[in-house]
Amino acid sequence: MASKRLAAATAALLSTLATVGTVACSTSNGESVPPTGSVKPVASDVVAGGGGGGGEAAPGTAGIGDPDFPTDGNGGYDVGHYGLKLSYDPPSKHLSGVTRIEARATQNLASFNLDLSGFTVSRVTVDGKPASFGRAGTELSVTPAAFIPNAAAFTVEVAYAGEPKPVRGSSNLGTYGFIPTKDGAFVTCQPNGAKTWFPGNDHPSDKASYDFEITVPAGLTALANGELVGTPKSAEGKTTFQWRESHPMASYLATVTLGRFEMLQGTTPGGVKNLAAVDPRFRGSLKKLYDVSGRVTDYWSTVFGPYPFSSTGGVVDDFPAGYALENQTKPMYGGFDPDDAIIAHELAHQWFGDSLSITRWKDLWLNEGFATYAEWLWSEHEGEATAEQLFRRHYGAGAEDPIWGYTPGQAKPDDLFNDSVYTRGGMTLHALRQRIGDPAFFKLLKEWNTTHRYGNVTTPEFVAMAEKISGKKLDALFDAWLFTARKPTTW
Ligand SMILES: [Zn+2]
């Protein structure tokens with residue numbers, strides 16, 4: 001994610017370093033659901049057939065184990081695939097959906113939770129059999145008729161309907177999730193807004209592939225991640241779009257932005273499918289969005305390694321979010337004409353954040369520091385300010401500047417998108433580059449991507465790889481830049 005103002009400030013080599021706040025997403029903690037205690041197995045034949053471990057079946061936890069976001073995601077299972085069948089009517093703001101989740105148990109599971117905010121749930125089944133369910137805060141707890149043995153595959157279906165309510169005014173970011181607009185909806189979910197439109201395991205440490213089937217009034221277009229499957233089908237004044245994202249994706253990167261759009265489709269000069277879409281109000285931006293997205297995608301492919309997904313592009317919608325989000329294959333820009341810097345930022349996230357996803361939110365600099373540094377690399381590539389000049393500008397901030405008081409290696413849950421995570425995170429990479437030299441630094445960027453493609457990563461893994469590739473001991477450098485609340489003086 002990037003704020004419009006922050007990226008613009010990086011693009012221009014400003015004569016004085018402006019104080020720019022990072023407008024970004026904030027936290028939203030649902031209410032927790034206390035475990036209800038262990039449940040004795042009710043079907044011993046299932047245990048024998050499942051090949052799972054011994055022990056009694058217990059409820060999955062109401063959080064996936066991220067200490068900063070204790071109720072985000074859920075424990076006890078791992079999702080492999082989501083099938084989302086949705087119908088949305090903009091005038092009435094009514095959404096009805098059936099979500100099909102294909103998952104695997106990671107323990108003997110007596111019950112488990114899904115994250116879902118709002119809506120009325122009418123039916124839940126597990127492996128086709130009715131399951132009992134309950135609601136508390138943003139947790140939907142499901143108790144199957146028979147417990148699920150450890151390692152067994154199972155399928156959950158949830159039918160639900162109602163008016164989606166995005167997360168609003170939480171901490172330091174405005175609105176995120178499924179956001180109704182004049183002609184449809186703008187759907188950007190970082191960090192935990194997927195639960196505002198479908199039930200699931202809403203945390204980036206559980207990635208899955210997705211199928212989308214979205215029915216909207218005729219004349220509107222629904223844009224989801226990945227590729228359009230077949231041609232949209234129209235009947236009775238409605239049109240149904242099917243999209244498929246076959247690569248693993250974090251829940252906050254899923255989207256079904258819909259409304260009136262003008263589109264340009266083709267391929268980048270380097271041969272990657274490219275789709276740009278803009279609300280008619282931004283039709284003047286369409287060609288530039290398409291062209292710059294294509295050039296940036298091709299350039300990053302030479303710097304970071306092959307493009308990880310099936311297509312690139314971008315979407316500008318008429319909702320004044322003031323930020324952009326790196327939705328997988330389709331970055332979304334909320335109500336402004338994106339400049340080169342923010343396009344370079346969001347497309348760098350396709351490698352850093354989307355293909356390689358963080359395991360815990362405190363490591364967010366692995367997304368935002370890298371995407372910010374990418375803005376500097378793009379500026380240098382375009383013959384504007386060099387990364388070294390941009391580093392010097394930011395490093396020039398006085399010792400009392402708040403950027404030095406916030407440690408970017410430990411993003412704080414109530415101030416996740418602090419400028420330090422972005423700018424000091426980017427500076428950390430430049431300090432590393434100076435220390436280990438260009439050959440090792442750029443080798444590291446590529447090897448980091450190749451090794452962890454489509455997976456999850458942590459800061460210690462990055463530090464270990466940097467030390468291995470450079471042959472240098474780097475703990476003091478990373479300590480000073482990521483984990484010490486004062487201005488670093490050496491690197
Ligand atoms: Zn970002």
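In this predicted model, F112 is buried, with a relative accessible area of 1%. The residue sits in strand β5, which covers residues 109-115. Setting aside residues up to four places away in sequence, F112 touches G60, Y77, V126, L140, S141, V142, P144, I148, F154 and V156. A further relation worth tracing on screen is that between F112 and A62: the two are 50 residues apart in sequence, while their C-alpha atoms are 7.6 Å apart in space.

The strand that holds F112 belongs to an open sheet of four strands, ordered β2-β5-β9-β8 and mixed in its pairing. Strands β2 (58-59) and β8 are the edges of this sheet, each pairing on one side only. Strands of a sheet pair through backbone hydrogen bonds, in either a parallel or an antiparallel sense. Between β2 and β5 the sense is parallel, with two bridges, and A58 has L109 of β5 as its bridge partner. Between β8 (residues 132-136) and β9 (residues 139-143) the sense is antiparallel, with five bridges; here R135 stands opposite L140 of β9. L140 is also one of the residues touched by F112. Two residues separate β8 from β9 in a hairpin, and G137 in its turn has a positive phi of about 60°.

A second open sheet has six strands, in the order β1-β23-β24-β22-β21-β20, again with mixed pairing. Its edges are β1 and β20 (262-267); each has a single partner strand, so one side of each is left without a neighbour in the sheet. Inside this arrangement, β22 (residues 311-317) and β24 (residues 332-334) run parallel and share three bridges. V316 lies opposite Y333 of β24 in this pairing.

The next feature is the metal site. The zinc ion is coordinated at 2.0 to 2.4 Å by M1 (through both N and O), by H345 and H349 (each through NE2) and by E368 (through OE). Along the sequence these donor residues follow the spacing M-x343-H-x3-H-x18-E. The pair M1 and H345 links distant parts of the chain: M1 lies in the segment before β1 (2-3), H345 lies in helix α4 (residues 340-348), and 344 residues separate them. Both M1 and H345 are buried.

How enclosed is the helix that carries H345? Eight of the nine residues of α4 are buried, so this helix is largely enclosed by the rest of the structure. The buried residues are A341, I342, I343, A344, H345, E346, L347 and A348. Helix α6 (residues 387-395) offers another pattern to look for, with A387, L390, F391, H394 and Y395 as its buried residues. Viewed down the axis of α6, these residues fall within an arc of 130°, so they line one face of the helix.

The largest nonpolar core contains 141 residues, and those with the most contacts inside it are W197, F212, W300 and L432. Beyond its neighbours within four places in sequence, L432 is in contact with G437, F441, L444, F462, A466, L474, L477 and F478.

Several loop residues also invite a closer look. N418, in the loop between α7 (402-405) and α8 (419-436), is buried, with a relative accessible area of 17%. Its side chain makes a polar contact of 2.8 Å with the side chain of D415. A polar atom of the N418 side chain also lies 2.8 Å from the backbone nitrogen of S420.

Most residues other than glycine have a negative phi, and most peptide bonds are trans. Against that background, the peptide bond from Q190 to P191 is cis, with omega near 5°; P191 is placed in the loop between β13 (185-188) and β14 (208-217). K93, a residue other than glycine, has a positive phi near 55°. It is found in the loop between β3 (77-89) and β4 (94-105) and counts as partly exposed, at 35% relative accessibility. D127 is not a glycine either, yet its phi is positive, at about 50°. This residue lies in the loop between β6 (120-126) and β7 (129-130) and is partly exposed, with a relative accessible area of 43%.

Note on methods. Residues numbered from 1 in each chain as written. Predicted model: local features only at pLDDT ≥ 70, side-chain atom pairs only at ≥ 80, totals over all residues. Heavy atoms only, no water. Buried < 20%, exposed > 50% of the residue type's maximum accessible area, 1.4 Å probe, protein only. Arc of directions from axis to C-beta. Donors = N, O, S within 2.8 Å, 3.2 Å for Na, K, Ca; no water. Contact = heavy atoms within 4.5 Å. Core = buried A, V, L, I, M, F, W, Y, C linked by side-chain atoms within 4.5 Å. Pairing = 2+ DSSP bridges. Polar contact = N/O pair within 3.5 Å; in protein donor to acceptor, adjacent residues only side chain to side chain.
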